[in-house]
Amino acid sequence: MSTALDQLFVNLKHWVVSRFPADWQLPVGMLISAGAIIVVFASLFAITVLAERKGLGRIQNRPGPNRVGPFGLLQPLADFLKMLTKENIIPQAADGLIYFLAPTLVILPTLLSFSVLPMGRNMTAVDVDAGLLFFFAVGASVELAVFMAGWASRNKFALLGAMRAIAQMICYELPLILSTVAVVMVAGSLSLSGIVDHQAGYYGGWLARWHVFTPWGLAGFLLFMTAATAESNRAPFDLPEGESEIIAGHLIEYSGFKYALFFMGEYFGMMAVSGLGITLFLGGWRPPFAGLEWVPTYLWFFGKLGVCIAVFIWVRGTLPRLRADQLMNFAWKFMLPLTLINLLGAAAWHYTADWSFLGATPARWLLGATLLGAPYLALSRRLFGGHGIGPRTYRFAT
Amino acid sequence: MNLPGTGIIKGMVETARNFVGSYHDPERLTTIEYPEERLTQPENARSFPMLIFDDDPVKGLRCVACKICEKECPPQCIYIVQDRDERGKPRKFPRIFDLDISVCMSCQICVEVCPFDSIKMNTEFELSTDDRFGRLLLHRDDLAKSNEYYHQIHATEAAEVDARLADEKAKAEAKAKPAAAKPASPVPTAAKAAAPAQPAAPVKSPAADKPAAKPASPAEPAAA
Amino acid sequence: MRPDSAEPDLSALSTGDLVVESPAAVPAPPPPATSGFELTPKPATAPDADRGLLEVAIGPHHPSTHGVFRLNAVLDGERIVRFKPVFGYLHRNHEKIGENGTYLSAMPYTDRLDYFCSLSNNWAYALAVEKLAGLAVPERADYIRIITAELTRIQNHAALIGFLLQELGAMGTPLMYAFREREKILDLFEALTGARMMCNYLRFGGCRCDLPAGWLEECRRVVEGLPRFFDEFENLLSTNEILMARTQGIGVLPPELAVSAGVTGPMLRASGVNYDLRKVDRYGLYDRFEFRVPLGEHGDVYDRYMVRILEMRESAKILQQALREVPGGPIVDPKVKLRNFRPKAGEAYGRLESPKGELGFYLISDGSTNPYRYRIRPPSFINLTILEDMCQGLTLQDALVILGAVDIVMGEVDR
Amino acid sequence: MHTGFLLLALLTLASAGAAMCLRNLVHCALCVAISFVSLAALFLTLDAEFVGFAQILVYVGAVAILIVIAILLTRDISGHGQSLVFKPWTLGVGVGALVAGSLVSAVTSSAFTHRELPPAPAATVRQLGESLMTTYVVPLEIIGLLLTAALLGAVLLARRENEGGGRS
């Protein structure tokens, strides 16, 4: 029963595909997968936007959108209609073709990157051998699209935003990729399903063997999500859009549906990197504890995705934005060294796996914690203390 | 220095507390769903001026067109024309009393300077309109509000005003007695003097909160 | 700045230990520009025009300019080369209107100067007129004035910090918390004065109306809740690493420059200069209350932020004391005529510590019902004049944060 | 397969040509990016997944962006610049023909083209990694060193130019 439910969508696809003649089966299967990805993630986008607006509202002690439909649930629909019917303004000086192409180029790679994510048992649209590499390869072209948008708008703010976006994305791509290298090293595979399979089984018979439950995995996950936040231009790394300085950066001249596409691209990017983080560190579609296998695997994946997005929203509601040079400093002087050290941590964990004396596990944890904690402290001290940054005391005159 | 990152964690805890709090703590979720829910306005609340009448929306107007408010109004948003009778003699009554609420800044100075307790502040605030001249330039009959309405929106203040007017009237009568058999004063003054006595009686004829549909105004013959 | 200013002693103001000063030894107000300090030298005209600098007009419509205000920035990458504030978009001829109306009719216009702090503006104007006409204010009225002015200070500072964090990119969360508390204070104002922002409450020689029944209890309830709000604010912000990194060492204003430029208010105190008119002038009944004046050391944006937080805490203390002991009695000098108010010929300068700095009204009377000259010393405007000096060599992001920490309201800057 | 190859080859060539001929520098850079992508696609049609993805990651994600940034930083981007085609074009064509001729002759004369094609290798990534880390570890390290040196040099150059301007 549980497997039937788990494999429901897989079997459904097989059933539909088998109705077609043999020559057509491959393209039809692809189309079905692509359609499913688009439908699922587009609706997830709508839910996320609503959840973000509601969640931010609640964080800020206000109810959030609550006028359209019951509890404001139809708000995404209203937004969609508004975006669709708004006037599409193209600045006179804009570079028409590039201005037009940029939004599509933002959407395309993120949608492509969903195709390699294993969203459930046997639910990977295209199980590529070098899936991780594919993910980063397509993700890299988003930068070009952002630049195109900023440049083609012929607006100074847009150009500033585009420059910021490119600098930021290039800087954070390094820690993003390097933090995944530890996983690749341990799992010995670039295939995302292979990495998920590597996280099968349970520690002590109850706790899943997710990578996040190891010292290097925990550090790697945090580093990865931080870099992912920057990579998807979310607060506190939302400098390219910094609405208080350069208004909306590369989006400033976009309106109507093109703007909606950018918006969608940002959310898709957030979901894609969250999905990758789940796959690499949170066991993909695997349950966290033994005895929960009866829950369909795709529910685990999307549940974890929901949690990740909630954290993104929470962070956005709390933190102010960094400055451009601090962003770079953070990437090069903090994130990058830590990701490199994390490789050592992963190696240490890997090579101490055969320790079997009493208290081996705490000892391994201690080793990992010191290996990562000490550089963390030293680096962050340097980052803040180097500029004399810290809490202050004040004097009073009476 | 604390462990780096604690400040961010502290902030995150604070926002989480507010997130949860906004679901059960009315101190945190202070939003009022406006058209459905309304706050009761405090007694002192004010929006734009109105003219108080007793009994009749036109004849009962307390305004005597003395033009003090017109003169004192800082943005000069009041325009008054005194009524005249057939022979051209001025009557203590405003033929025109226009108030441009797109200019008015609700400062309440007209209320303070009015010696006749005639102009008071309304609390009506849902005045948005797409008709700038039709609906934002209020005329005498739009401005006229009954004394009951005044009691409804500013109970304490209105009671004070009524007491004071009654007091003044009593004094005036006491003064008038020695003067004895002098002929009755002109009609509008009499109307005004008689008026304050009325509000003492709590229930009144249905003079209504809103200006009546426009009964034949005494101003009209004069204007003709 | 002040006609009767004593000999300045800057070194005592800016450095060294602060001692409890007796009223006689109150630090003198800032001196005129004889102290030899000059504003930061700036590149005169573009010597490097060919280097491809980017000229950006920030504003008049921009989310961070606090109204219609333009900043002509010349950027080298993101770094600021020149930064010129351009204002006047909201000029309303306030001073001339004041001269053309009666003394009373200028009162509602003062609400619209710094529309966050109408009650302090009212008080500053009333102070000037009372000085001009030699009016005494009943004790109860002074208490009410202090209570409303301190409430105003709290809501202004809270809202300002919210706006500052908005500029720092904090998605409006601190702003919403600030507005949540500000609503409570505005409700109090509405119950007392009838309006939430344009209060027009003070009159020469007192207040317009007495406290409504139950107002004091409500006010006490609100004031009791304030420390909780301050704690929440500080938990959320004060030790946040990003906020500290963004604001510490940014927009440093040395005390000498601050004094030379005539900067006042929390900005001056953040630079370490002990100058608070509530202590210096002791107008109203401020010498009856116990409160301290927080002073910064670095003069950067973080100090400006923290000085405001600490000032709010001190204001809450003043409020607690004042609310304990509001005396009875009349609320207005009965001799004051509402109409035909004609102070005798002369001049007067009334000033007070408004939330933004020294707000002063200078009046000359020729004995008629209208002031002959009506002049305002707007703190926002004078604090804004050194914006470019503070922004030299920083990035555009920093510049807008510095602007946010100056605390300007365009209604007051442009008048 | 054949038509796919033809289309991709045409796209590669056309975008490369456009990159040379277009007047607007940013357009040129974008055309270079297109040719990179289509080159990557060509690799993919040869089942060389790793190389194809690496091509996109490195060339589109990094090199194209770098070119774009370099253009932005150094040039007037208004698009009124001159054509990039080298003026004495006969010389250019001559050099091009020379290079092409030598390449063609080298390829045709080598034994490689006359050999039977080996079957497509499986598990390419692992093999690639293993051979990089064992057989070719010295060249790999040397290349790494070289690139690091180049990077440091670039940083140094940029530093010197930027001296006197602001913090960090």
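So, to kick off: at what angle do helix α6 and helix α10 of chain A pack, and how far apart are their axes? Keep that in mind for a second while I say what we're looking at. This is a predicted model, and the predictor gives the complex an ipTM of 0.78 and a pTM of 0.80.

Okay, back to chain A. Helix α6 there covers residues 131-152, and helix α10 covers residues 256-281. The angle comes out at about 160 degrees, with the axes 12 Å apart. Anything over 145 degrees counts as roughly antiparallel, so that's what we call α6(A) relative to α10(A). As for handedness, α6(A) goes past α10(A) in a left-handed crossing.

Who's actually touching whom? From α6(A) we have L132(A), F135(A), F136(A) and A149(A). On the α10(A) side, they meet F262(A), A272(A), V273(A), L276(A) and L280(A). And if you sort the residues of that contact by type, you get 9 nonpolar, no polar and no charged.

Right, on to chain D. What does its secondary structure come to? It's 6 helices and 0 strands, so if you read off the elements from the N terminus, it's just α-α-α-α-α-α.

How confident is the predictor here? Mean pLDDT for chain D is 76, with 75% of its residues at 70 or more. Going element by element, helix α4 of chain D, residues 89-109, has the highest mean at 86, and helix α5 of chain D, residues 124-133, has the lowest at 76. Then there are a couple of stretches to flag. Residues 77-81 of chain D have pLDDT below 50, and that stretch has 8 contacts in the model beyond near neighbours in sequence. Residues 163-168 of chain D are also below 50, and there we get 10 contacts, again beyond near neighbours in sequence.

Now let me put chain D next to chain C. Chain C has 16 helices and 9 strands. How much of each chain is buried? For chain D, it's 18% of 168 residues; for chain C, it's 64% of 415 residues.

Last thing, contact range. Take the contacts between residues at least 6 apart in sequence: in chain C, 73% of them join residues at least 24 apart. In chain D, with a separation of 6 or more, residues 24 or more positions apart account for 51%.

That's me done, happy to scroll back to the helix pair if anyone wants another look.

How values were computed:
Residues numbered from 1 in each chain as written. Chains lettered and ligands numbered in written order. Predicted model: local features only at pLDDT ≥ 70, side-chain atom pairs only at ≥ 80, totals over all residues. Heavy atoms only, no water. Axes fitted to C-alpha atoms, helices over the stretch in contact; angles between N-to-C directions. Helix = DSSP H or I, 4+ residues; strand = E, 2+ residues; numbered from the N terminus. Parallel < 35°, antiparallel > 145°, perpendicular 65-115°, else oblique. Left-handed = near helix turned anticlockwise from the far one by under 90°. Contact = heavy atoms within 4.5 Å. Nonpolar A, V, L, I, M, F, W, Y, C, P; charged D, E, K, R; others polar. pLDDT = per-residue confidence, 0-100. Buried < 20%, exposed > 50% of the residue type's maximum accessible area, 1.4 Å probe, protein only.
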